[in-house]
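Here are some worked exercises on helix packing, pockets and one strand residue. Try each task yourself before reading its solution.

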Amino acid sequence: MRSAELARHFEHLFGSPPRIFRAPGRVNLLGEHTDYNEGFVMPCAIGFSTCVAISPRRDRKLVIRSEEFSEQFEFDLDELPSRGKGVWCDYVVGTAVMLQEIGHPSPGASLLVGSEVPIGAGLSSSAALEVASALALMSVNGAHLPLPEVAKLCQRAENLFVGARVGIMDQFVSCLGKAGHALLLDCRSLEFKLLPIPDNLRLVICNTMVKHEHASGTYNRRREECDEGVRILTQWYPNIRALRDISIEQLVQHVAGIPQTIYKRCLHVVSENQRVLDGANYMTDGDVSRFGCLMRESHRSLRDLFEVSCRELDVMAEIAESLAGYCGGRMTGGGFGGCTVNLVKAADAQKFAEEIAERYQSAIGIKPDVYVCSAANGAAAV
Ligand code: GLA
C-alpha cells in the first residue's frame, strides 16, 4: 500500500499530517467453517492490506472517507449509532462503538481509508478494515489493548454492529499473522502457534470473480445447522458445548439418529478439525504432499458435506490439480464464490498462475484474478 500517497492525500483533505495503520487480508489454508464451532483453523495473512490514516480533530466528530468511494461520512461522537446501516464505513464506526463500550471512547478524529484487499473476494477485506480502524482509533484514544483483544473487539463490531455472525479467524490472523508462517489457532482458547511454510512454496490465490447472492444467508443457516447438531448430540454426550468436543468415532455411532443434512454438516466440521491438527503436524515435518492431500479432502468435504462450494470454485480447484508445481489446493473462506488457494512450488508458480487463468477463462468465460503470494505480517503502525 502506498502509504506516502495516502498521507499526502490525507493532508490535502484534512490539513494535518496523519498517523497510518495497516492490517492485511487473509487466506485460509485449512479449517473452514470450524472457527464458530470452537475448533481449529490455519490461515495466513497476505500481502494485500488496508491502511487507515488518522489525526485528531478539535470538534466532537468522526469524519470518515475512503480512497475507493467518494462519499464522506460524519458522525457526532455523542450520538454514535448502535447498529450499522449497510455501508462500508460500518466497519470503522463499529470498532469505534465497541471501543467506547469498553471504556475507550474516541475523541474527534478524521480518518481516510485506502485498501488494496479485493472487496467481496473472500480475502477478508472487512476484517482488515476493522483491525486497521481499531489500531488507528486506539492511537488517538490512548487505549492499549493486546492484539488478541483487538481481534475480539473487531469480531464483536462485525457481529453486533455490522450484523454478520462471523467467527474469530479473520480478525485474529489479520492482527497476529507472521511473514512466512501459517497460524494454527484454537478458536476456543485463542492459543496459537506459528508454523513455518517451506520457502520453496508459494500461495497462489485464484479469484473466481463471482460471489453468489445467497452467501451470507447460507452462512447463517450453516451456523444454525451446526448448533442444531450440537443440540441433538447432547442426548448422547451431555457435556459437549460445541462440535469441537466430538470425535469422528463418536459422531459416526449416531448416524441413524441424526437428520441426514445435519449429520453431513457435523461430519464436515468434525473431520475438518482433525485435518487441521494433522495438517499442522505435516507442515511441521515439511510433508507438503500429505498436507496437500488434506487440502483436497477439505475441498471435497466443503463441496459434498457442508455444501458451500459452487461450480466456479469446483472448476478452479479441479484445473489446479493438473498443473505443474501443484501440491494441494481448495476453496478458501466462507464459500459460494471468492477464491481458491493453492500451494505451488515457487519455481512453477508464475507459469501455474498464467495457465490456471487461461483455462478457467475458457471453461467459465470469466477472466480470473490470480495472485502469487507468500504469508505476510499482521497489522502494525506504518
Ligand atoms: C468467513 C468468516 C470466518 C469463517 C469463514 C469460514 O470468512 O468471516 O469467521 O467462519 O467464513 O471458515
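**Exercise 1: α2 against α3**

α2 and α3 are oblique to each other, so let's work back to the geometry behind that label. Keep in mind throughout that this is a predicted model.

Task: find the angle at which the axes of α2 and α3 cross, then describe the contact.

Solution.
- Step 1. The two axes come within 8 Å and cross at roughly 45 degrees.
- Step 2. Angles under 35 degrees count as roughly parallel and 65 to 115 as roughly perpendicular, so a crossing that fits none of the named ranges is called oblique.
- Step 3. For handedness, α2 passes α3 in a right-handed crossing.
- Step 4. On the α2 side, the contact is made by Tyr91, Val92, Thr95, Ala96 and Leu99. α3 brings Ser126, Leu129, Glu130, Ser133, Ala134, Leu137, Met138 and Asn141.
- Step 5. Sorted by class, the contact of α2 with α3 splits into eight nonpolar, four polar and one charged.

**Exercise 2: α2 against α4**

Task: is α2 roughly parallel or roughly perpendicular to α4? Back up your pick with the angle, and say which residues touch.

Solution.
- Step 1. Take helix α2 (residues 90–101) and helix α4 (residues 147–162): their axes come within 8 Å and cross at roughly 110 degrees.
- Step 2. That crossing makes α2 roughly perpendicular to α4.
- Step 3. The crossing of α2 and α4 is right-handed.
- Step 4. From α2, the contact uses Asp90, Tyr91, Val93, Gly94, Thr95, Val97, Met98 and Leu99. From α4 come Leu153, Cys154, Arg156, Ala157, Glu158, Leu160, Phe161 and Val162.
- Step 5. Count by class and you get eleven nonpolar, two polar and three charged residues in the contact of α2 with α4.

**Exercise 3: α9 against α10**

Task: work out how α9 and α10 are oriented to each other and which residues meet.

Solution.
- Step 1. Helix α9 (residues 288–304) and helix α10 (residues 311–321) have axes 11 Å apart and pack at an angle of about 160 degrees.
- Step 2. α9 and α10 are therefore roughly antiparallel to each other.
- Step 3. Their crossing is left-handed.
- Step 4. Arg296, His299 and Arg303 of α9 meet Leu313, Asp314, Ala317 and Glu321 of α10.
- Step 5. By class, the contact of α9 with α10 holds two nonpolar, one polar and four charged residues.

**Exercise 4: the empty spaces**

Task: which residues line the largest cavity, and which lie closest to the centre of each of the two largest pockets?

Solution.
- Step 1. Start with the cavities: the count comes to one of 30 Å³ or more. The largest cavity has a volume of about 30 Å³.
- Step 2. Its lining consists of Phe75, Pro81, Arg83, Gly84, Lys85, Asp90, Val93 and Phe161. That's four nonpolar, one polar and three charged residues.
- Step 3. Now the largest pocket, with a volume of about 1,000 Å³. It is lined by 47 residues, and Tyr91, Ser126, Glu158, Val166 and Lys211 are the closest to its centre.
- Step 4. At least two lining residues of the largest pocket come from each of β2 (40–56), β5 (109–115), α3 (125–141), α5 (169–176) and α6 (215–233). By class, its lining has 19 nonpolar, 19 polar and nine charged residues.
- Step 5. The second largest pocket holds about 170 Å³ of space. Of its 14 lining residues, Asp35, Tyr36, Asn37, Glu38 and Arg223 are the closest to its centre.
- Step 6. α6 gives the largest share of the lining of the second largest pocket, three residues. The class count for that lining is six nonpolar, three polar and five charged.

**Exercise 5: around Arg65**

Task: where does Arg65 lie, and what does Arg65 touch?

Solution.
- Step 1. Arg65 lies in strand β3 (residues 61–66).
- Step 2. Leaving out residues up to four places away in sequence, Arg65 touches Leu13, Phe14, Ser70, Glu71, Gln72, Trp88, Leu111, Leu112 and Val113.
- Step 3. As a distance check, the C-alpha atoms of Arg65 and Pro118 are separated by 18 Å, with the two positions 53 residues apart along the chain counted as their offset.

Key: Residues are numbered from 1 along each chain as its sequence is written. This is a predicted model: local features need pLDDT of at least 70, side-chain atom pairs count only at pLDDT 80 or more; totals for chains, interfaces and linings use all residues. Side-chain values use heavy atoms; hydrogens and water are left out. Axes are lines fitted to C-alpha atoms, for helices over the stretch in contact, and angles run from 0 to 180 degrees between N-to-C directions. Helices (H or I, at least four residues) and strands (E, at least two) are DSSP runs, numbered from the N terminus. Angles under 35 degrees count as roughly parallel, over 145 as roughly antiparallel, 65 to 115 as roughly perpendicular and the rest as oblique. A crossing is left-handed if the near helix is turned anticlockwise from the far one by less than a right angle, and right-handed if clockwise. Contact means heavy atoms within 4.5 Å. Ala, Val, Leu, Ile, Met, Phe, Trp, Tyr, Cys and Pro count as nonpolar, Asp, Glu, Lys and Arg as charged, and the others, Gly among them, as polar. On a 1 Å grid over the protein atoms alone, a cavity is a set of points where a 1.4 Å probe fits but cannot get out, and a pocket is an open set with protein on both sides within 12 Å along at least five of seven lines; lining residues have an atom within 4 Å of a point. Grid points are joined across faces, edges and corners, and a volume is the space filled by probe spheres set on the points.
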